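Subject: A structure for you to explore

Hello,

Here is the structure I promised to pass on to you. Please open it beside this email and turn it around as you read.

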Amino acid sequence: MKKFLVESQRLQIRRADLADLPYILNLQVKPENLKFIVPFDENFHTNILTSDGTEKIDVIIEERETSKPVGYFMLSELDNPHNKVEFTQGIIDKKGYGYGRELFKLLLKWSFDVKNYNRVFLDCKTYNEVAIHLYESLGFKREGILREHILTNGVYEDLILFGMLKNEYLDKT
Ligand SMILES: CC(C)(COP(=O)(O)OP(=O)(O)OC[C@H]1O[C@@H](n2cnc3c(N)ncnc32)[C@H](O)[C@@H]1OP(=O)(O)O)[C@@H](O)C(=O)NCCC(=O)NCCS
């Protein structure tokens, strides 16, 4: 039986396994996603999927009604002494249904209520308006700009660093 990290009304999220690798690789390179994320290669994901999951996990988001995948993301820095977690590569394939908002609410609940992390952080390209709107409306704070942090097709790009602390989450809920 599948074990879920956390569930909401419409979504359930579970650790990905090797059978999910083609789904993840395909999702990363869809043009509507690729322009906003940094893709990882097959070896990188295979290492995560076959690891003991203490440091990083790939995660599949499923629709509860159909059990079909509607997206993927990665949780990083799970095993650190500073009680923080990084959300990486959040991708919703079935866009515009409110799944992104529902997913991030679920992830915040899991991070702060279930796992008792003190800090959640993520980064985002400066022109990713949908994601920026989503993160700010959920209460993430802009913590700075990582200047020319990534090289995309020969162009250095800035990233916005977003973070939320447990006390800010508790104040909001
Ligand atoms: C960013 C992403 C995860 C959001 O997921 P989603 O399910 O499409 O988003 P939702 O339907 O929950 O909408 C979230 C908000 O964005 C707004 N939004 C959604 N699509 C939009 C669009 N095309 N233009 C403007 N606003 C949009 C929604 O209105 C909603 O805001 P509201 O609740 O205040 O009305 C998804 O679009 C995605 O996978 N994008 C490509 C990869 C990516 O950018 N990942 C994030 C990397 S930092």
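Below I go through what I found, starting with the sheet and moving on to the helices and a few single residues.

Please keep in mind that this is a predicted model.

**The sheet**

A good place to begin is the open sheet, which has 8 strands in the order β1-β2-β3-β4-β5-β6-β8-β7 and mixed pairing. Its edge strands are β1 (6-7) and β7 (141-152), each of which pairs on one side only. Look at how β8 comes before β7 in that order.

At one edge, β1 pairs with strand β2 (residues 11-15) in the antiparallel sense, over 2 bridges. You can find this pairing by looking for Val 6, whose bridge partner in β2 is Ile 13.

At the other edge, β7 and β8 run antiparallel and are joined by 8 bridges. Ile 150 is a handy marker here, as it stands opposite Glu 157 in β8. The two strands β7 and β8 form a hairpin with 2 residues between them. In that turn sits Asn 153, with a positive phi of about 45°.

For a parallel pair, go to β5 and β6, which are joined by 3 bridges. Glu 86 has Phe 121 in β6 as its bridge partner.

**Strand β6 and Leu 122**

Is β6 mostly covered or mostly open? It is mostly covered, since 5 of its 7 residues are buried. Leu 122 is found in this strand. With a relative accessible area of 2%, Leu 122 is buried, because anything under 20% counts as such.

Which residues does Leu 122 touch, if we leave out those up to four places away in sequence? They are Phe 87, Phe 104, Tyr 135, Phe 140, Ile 160, Leu 161 and Phe 162. For a sense of distance, try Leu 122 and Asp 20: they are 102 residues apart along the chain, and their C-alpha atoms are separated by 23 Å.

**Helix α4 and its neighbours**

Next, find helix α4, which packs on the sheet and touches β1, β2, β3 (57-63), β4 (69-76), β5 (84-92), β6 (119-125) and β8 (155-165). The direction of α4 makes about 160° with that of β5. Many residues of α4 are worth colouring as buried, among them Tyr 99, Leu 103, Phe 104, Leu 107, Trp 110 and Ser 111. An α-helix has 3.6 residues a turn, so residues three or four places apart point the same way.

Helix α4 (residues 99-114) also meets helix α5 (residues 129-138): their axes come within 11 Å and cross at roughly 45°. The two helices α4 and α5 are therefore oblique to each other, and their crossing is right-handed. On the α4 side the contact involves Gly 100, Arg 101, Phe 104 and Lys 105, while α5 brings His 133, Leu 134, Tyr 135, Ser 137 and Leu 138. Sorted by class, the residues of this contact are 4 nonpolar, 3 polar and 2 charged. Phe 104 and Tyr 135 may ring a bell, as both are touched by Leu 122.

**Helices α1 and α3**

There is another helix pair to look at. The axes of helix α1 (residues 21-29) and helix α3 (residues 42-49) come within 11 Å, crossing at roughly 140°. Here too the helices are oblique to each other, and the crossing of α1 and α3 is right-handed. Leu 21, Ile 24, Leu 25 and Gln 28 of α1 make the contact with Glu 42, His 45, Thr 46 and Leu 49 of α3. This contact of α1 with α3 has 4 nonpolar, 3 polar and 1 charged residues.

**Two residues with a positive phi**

Most residues other than glycine have a negative phi. Against that background, have a look at Asn 116, which has a positive phi near 60°. Asn 116 lies in the loop between α4 and β6, just after α4. This residue is partly exposed, with a relative accessible area of 43%.

Glu 148 also has a positive phi, near 45°. Where is Glu 148 placed? It is in strand β7, and at 52% relative accessibility Glu 148 counts as exposed.

Enjoy exploring, and send me any questions you have.

Best wishes

Key:
Residues numbered from 1 in each chain as written. Predicted model: local features only at pLDDT ≥ 70, side-chain atom pairs only at ≥ 80, totals over all residues. Heavy atoms only, no water. Axes fitted to C-alpha atoms, helices over the stretch in contact; angles between N-to-C directions. Helix = DSSP H or I, 4+ residues; strand = E, 2+ residues; numbered from the N terminus. Parallel < 35°, antiparallel > 145°, perpendicular 65-115°, else oblique. Left-handed = near helix turned anticlockwise from the far one by under 90°. Contact = heavy atoms within 4.5 Å. Nonpolar A, V, L, I, M, F, W, Y, C, P; charged D, E, K, R; others polar. Pairing = 2+ DSSP bridges. Buried < 20%, exposed > 50% of the residue type's maximum accessible area, 1.4 Å probe, protein only.
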